[in-house]
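Please open the model in your viewer and keep the sequence panel beside it. The tour below moves from one selection to the next.

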Amino acid sequence: MEQEKNGLNKAKWWQIAGLAVNDIATNLYMWEMIFISYYLNGIIGASVVIASSLATVMRLWDGITDPIIGIILDKTKGKFGKNRPFLVFGQLIMLVMSAFMFFVTPKFPKAAQFWIFVVFYAVYIVGYTCQCVVTKSAQTCLTNDPKQRPTFGIYAGALNTIFFTVAPLYSYTYLLKKHNFQFGMDYFQEMWVVVAALSFFLTVITYIAIRSKDRPEFYGTGNTDKQKIKLKDYIDVLKHNRALQMLVVSASTDKLATQMNGNATVAIIIYAIVCGNAGANGLIGTYTIIPSILILAFGIGFVARNFGQMKGFKFASYAALIIMCILTAMFAFGDPTQLSLPGDGKFTGWNTFSIAFVVLMVCFTGFKQIAGSLVYPMTADCTDYEVYRSGRYVPGLIGTIFSFIDKLISSLAPLIIGILCAKVSSSAQLPTVDTPYSKGLAAVGIFCMFGILIFGYLCNIIAMHFYPLTKEKMESISKDIADIKAKSIEKE
């Protein structure tokens, strides 16, 4: 057995990076589906209201499938491992169902197309959930080394930063322009080919990366084939796993804050209405991508590896909190109309406000990435803690709890923003670039862009105060689980 001293199971760097690639494999399909309302409206012929409503309903269905798939994964055992079947079936379901959505649905009679699409979409989501759960679950068998496990966050964070910079450029700047700025059938079918090919290739990499580690001796207590998990056991996990509870508090409040911060309406309020410079919004990502990856590598590579994931998470939350307080003060008491950046069409030279804004946003993006990227490996710690606490190995349940909370909380962000905008505006429409400035609208924008993040990071700091999994505790847990495995092997 590939077990190191003191019960540490270590992975090679490419295995950790290979698992992180799975996040991009699923995000490719997720990105394609953000345009689904245009497909339903323009190709299928559904009304705007119905098209938008379907996205919300399917997100709820997505949340329902999470715990179901998690429970099935926890009960899965066989010669093909615990995670690889979900990786393979998830990828195949997404590939086939998405192809049916974009190539087969239009061949049906017009009156049936919408409902046929709904069926294909619902099955597609099951596949998406299957593959997503592997990203969290497989970490528990890949490595349990407290110094090595955080490096997953570096790879995942860097890859996602690059992906979410390149994806808009491909979808909007290249592909939409190529198809005369029309979301027509050619647009969706060409995007599907690229998404399907890349996602399949990345899934193969992930399969190879986890193949040698997806075995019972590398997860749980080493005898999970004999484990019988019942519904009451899951309830006990939710009630008594303090680490899981605190991480859920942190992850859910962070998710709500980042969803509101990144909302398109909020961006329009801040950049177009408050700053009077809509062009500045699209340029921020180009300034932050490389410096934020460097900050991410330092925060996880040095702080989290040497002092533990909890301290790395706390460090990033404190830093991001301070930056958000400064930015809030700048927009509340400074002159945001001074903001101008090279390439935004209004740049006449650097000024103090613009320089301070760029520097703060670069730092914030890096610290935000540290906190966000550490959540995945910290879920693996919560899984090991449950093995230590109760002897139960339930990575599926623990991993899908975060997915469920993610989808539940993120669905609230547009609602909150819409209510706040309605309170300060007499218009029945959401703000646009042509909406005139008002103090009420500025206050909503500042709160949703910066203030809500202050709340989120405060929740992080408070939750981490009660989070029990320090670096020293995880080292002790690794040793205790290794002892349990050794005794299990002796009995056999």
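Is Thr65 buried or exposed? Select Thr65 in helix α3 (residues 48-75), where helices (H or I, at least four residues) and strands (E, at least two) are DSSP runs, numbered from the N terminus. Thr65 is buried, because its relative accessible area is 3%, and buried here means under 20% relative accessible area, exposed over 50% and partly exposed in between, with a 1.4 Å probe and protein chains only. This is a predicted model, in which local features need pLDDT of at least 70 and side-chain atom pairs count only at pLDDT 80 or more, while totals for chains, interfaces and linings use all residues. Residues are numbered from 1 along each chain as its sequence is written, and side-chain values use heavy atoms, with hydrogens and water left out.

Keep Thr65 selected and add Ile125, Val126 and Thr129, which Thr65 touches when residues up to four places away in sequence are not counted; contact means heavy atoms within 4.5 Å. A distance label between the C-alpha atoms of Thr65 and Tyr39 should read 24 Å, for a pair 26 residues apart in sequence.

Now go back to the whole chain, which has 18 helices and 0 strands. The C-alpha atoms fill a box of roughly 75 × 60 × 35 Å along the principal axes. The radius of gyration of the chain is 23 Å, which agrees with the value near 23 Å for a compact globule of 492 residues; the radius is taken over C-alpha atoms, and the globule rule is 2.2 Å times the number of residues to the power 0.38. Of the 492 residues, 54% count as buried, and residues 24 or more positions apart account for 84% of the contacts with a separation of 6 or more.

Next, select helix α14 (residues 352-390), where Asp384 has its place. Asp384 is buried, with a relative accessible area of 6%, and, residues up to four places away in sequence aside, Asp384 touches Thr140, Asn144, Arg149, Met474, Ile477 and Ile481. Thr365 also lies in helix α14; Thr365 is buried at a relative accessible area of 13% and touches Thr288 and Ser292, with the same sequence neighbours left out.

From Asp384, keep Arg149 and Met474 in view, since both are among the residues that line the second largest cavity. On a 1 Å grid over the protein atoms alone, a cavity is a set of points where a 1.4 Å probe fits but cannot get out, a pocket is an open set with protein on both sides within 12 Å along at least five of seven lines, and lining residues have an atom within 4 Å of a point. The second largest cavity has a volume of about 60 Å³, a volume being the space filled by probe spheres set on the points, which are joined across faces, edges and corners. Helices α13 (309-333) and α18 (471-491) each supply at least two residues of the lining of this cavity.

Finally, turn to the second largest pocket, where about 250 Å³ of space lies. Select Leu28, Phe163, Val166, Val194 and Leu198, which lie nearest its centre among 13 lining residues. Helices α1 (13-33), α7 (151-178) and α8 (185-211) each supply at least two residues of the lining of the pocket.
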